[in-house]
Amino acid sequence: MRLHRNLCFAVIDGLHLIFNEGEYADKVVQQLLKRDKRWGSRDRGFVAETVYQIVRYKRLYAEIADVKEPFHRDSLWRIFAVWATLRGIKLPDWKYFTDTPTRKIKGRFDELSKTRKLRESIPDWMENLGLEELGEKLWTAEIAMQNQQADVILRVNTLKTTKKDLQLKLQSEDIETEFLSNHPSALKLVERANVFKTEAFKNGWFEVQDASSQLVADFLDVKPGMKVVDVCAGAGGKTLHLASLMENKGQIIAMDIYESKLKKLKIRARRNGVHNIELKAIESTKPIKKLHGKADRLLIDAPCSGLGVLRRNPDAKWKLQPEFIDNIKKTQEEVLEQYSKMVKDGGKMVYATCSILPSENEKQVEKFLTSENGKNFKLIKDKKILAHKSGFDGFYMALLEKNN
């Protein structure tokens, strides 16, 4: 493989923005991919995958390169040289690579890889937390899987088409997919591709949604005609899935504290042909109180650490702080206590997170069931998904029913 100067410069610029300016990797990569109209799909793939790989292994590569944060540009080139050397890519004779100790890099890699927190490239606090909550065996397997690139999974919009028809339509646009067992609405891409440019996407035939995330709406046991509240709707991936499961019948109230996310949901709903969603920004407790005892079903896709989706957001390893996790647990408690009041007698709710930590999952549900409002609920079933066992994102979901 030959390195091209303009592509390598794009990678270095992207790493500077992510590591030194605190920008989000996905946003940076999106910007980089628009940088040169002459780039083909292979060029864009190189830029995106190299940036993500170096973000993923920042700690390990920086240790091998013997550089410290904040990284100046020479340091970033040294980290890049480590990445290239470990991939067996011949370094060109550019000034950035003079005196790169190629053999020493491989030796340092072998040595440092014996230590899990360096091999998997995570901060010390995350290593300690993972061990404490999951134990040696599970944590070792899970954090290794969280460093693997995630597959692209689509969810068919059954309001507009079937899984088979979507597969054939994508095939006609040169995109091959395969069915996934135990995921009734999912198609997995055989090779990565920009699915957002397809006619099928523009016509609202599918959304991109991980297979684990697709299980949440199913878990809620919705029926056409129900009144369903999705209280942390965000941009609405699960809301749209609920709409298709309800066949566009009944009412979904999609709520979020961020109005900007609901605006995205509005656009997506239009493309999906969904018209049973009402959007409500949570600006005070008023909209919550109005719905007390009214919902047949409630989805709480709670804010969380996101430790189940590091494969998709590798920069979260470096942005997350232990204090954030302590605070988010308090938020989860409050959200459960306050929002669960919307469920009517005999109604059901799902509490879900994209975290793998028991303290954000089972323990939160246990705590809720002993609380003032939680005493009115019983746990029907829960499901814990670990990435190393499923091959998909780490998730947790619990189905609770309110007593009549």
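This report describes selected sites, cores and a pocket of one protein chain.

## Basis of the report

The structure is a predicted model. The sections below treat the annotated positions, then two further buried residues, the nonpolar cores and a pocket.

## The annotated active site

The UniProt annotation "active site", taken from an unreviewed entry, covers Cys354. Cys354 is located in the loop that runs between strand S9 (343-353) and helix H17 (362-369).

Setting aside residues up to four places away in sequence, Cys354 touches Cys304, Gly306, Leu307, Gly308 and Val309, and also Gly394 and Phe395.

## The annotated binding site

In the same kind of record, an unreviewed UniProt entry, Asp256 and Asp301 are listed under "binding site". These positions span 46 residues in sequence, yet no two of their C-alpha atoms are more than 10.6 Å apart, so they gather at one spot.

Asp256 belongs to strand S6 (residues 251-256). Its relative accessible area is 6%, and Asp256 is therefore buried, the cut-off being under 20%. Apart from neighbours within four places in sequence, Asp256 is in contact with Val231, Cys232, Ala233 and Gly234, with Lys261 and Leu262, and with Lys280, Ala281 and Ile282.

## Ile282, a contact of Asp256

Ile282 sits in the loop between strand S7 (277-281) and helix H14 (286-290). With a relative accessibility of 12%, Ile282 counts as buried. The contact with Asp256 appears again among the residues that Ile282 touches, which also include Val231, Met255, Ile257, Pro287, Ile288 and Tyr339, when residues up to four places away in sequence are not counted.

Ile282 and Glu259 are 23 residues apart along the chain, and their C-alpha atoms are separated by 8.3 Å.

## Glu133 and a distant stretch of sequence

Glu133 is part of helix H8 (residues 124-145). Its relative accessibility is 18%, so Glu133 counts as buried.

Although Glu133 and Pro358 are 225 residues apart along the chain, a separation of 6.6 Å lies between their C-alpha atoms. Pro358 is also one of the contacts of Glu133, together with Lys329, Leu357 and Ser359, once neighbours within four places in sequence are left aside.

## Nonpolar cores

The largest nonpolar core has 45 residues, and within this core Ile54 and Phe80 touch the most other members. At least two residues of this core come from each of helix H1 (5-19), helix H2 (25-33), helix H3 (41-56), H4, H5 and H6. Ile54 is in contact with Val11, Leu15 and Phe19, with Tyr61, and with Ile79, Phe80 and Trp83, leaving aside its neighbours within four places in sequence.

A second, separate core consists of 27 residues, among them Val222, Met226, Ile252 and Val274.

## The second largest pocket

The second largest pocket has a volume of about 300 Å³. It is lined by 17 residues, of which Ala65, Arg78, Asp99, Thr100 and Pro101 are the closest to the centre of the pocket. Helix H4 (58-65), helix H5 (73-86) and helix H6 (102-112) are the elements that give two or more residues to this lining.

H5 gives the most to the lining, with five residues. By residue type, the lining of this pocket divides into eight nonpolar, two polar and seven charged residues. H4, H5 and H6 are thus named twice in this report: each supplies at least two residues of the largest nonpolar core, and each gives two or more residues to the lining of the second largest pocket.

Note on methods. Residues are numbered from 1 along each chain as its sequence is written. This is a predicted model: local features need pLDDT of at least 70, side-chain atom pairs count only at pLDDT 80 or more; totals for chains, interfaces and linings use all residues. Side-chain values use heavy atoms; hydrogens and water are left out. On a 1 Å grid over the protein atoms alone, a cavity is a set of points where a 1.4 Å probe fits but cannot get out, and a pocket is an open set with protein on both sides within 12 Å along at least five of seven lines; lining residues have an atom within 4 Å of a point. Grid points are joined across faces, edges and corners, and a volume is the space filled by probe spheres set on the points. Helices (H or I, at least four residues) and strands (E, at least two) are DSSP runs, numbered from the N terminus. Ala, Val, Leu, Ile, Met, Phe, Trp, Tyr, Cys and Pro count as nonpolar, Asp, Glu, Lys and Arg as charged, and the others, Gly among them, as polar. UniProt positions are given in the numbering used here, feature names are shortened, and annotations may be inferred rather than shown by experiment. Contact means heavy atoms within 4.5 Å. A nonpolar core is a set of buried Ala, Val, Leu, Ile, Met, Phe, Trp, Tyr and Cys residues joined through side-chain atoms within 4.5 Å. Buried means under 20% relative accessible area, exposed over 50%, partly exposed in between (1.4 Å probe, protein chains only).
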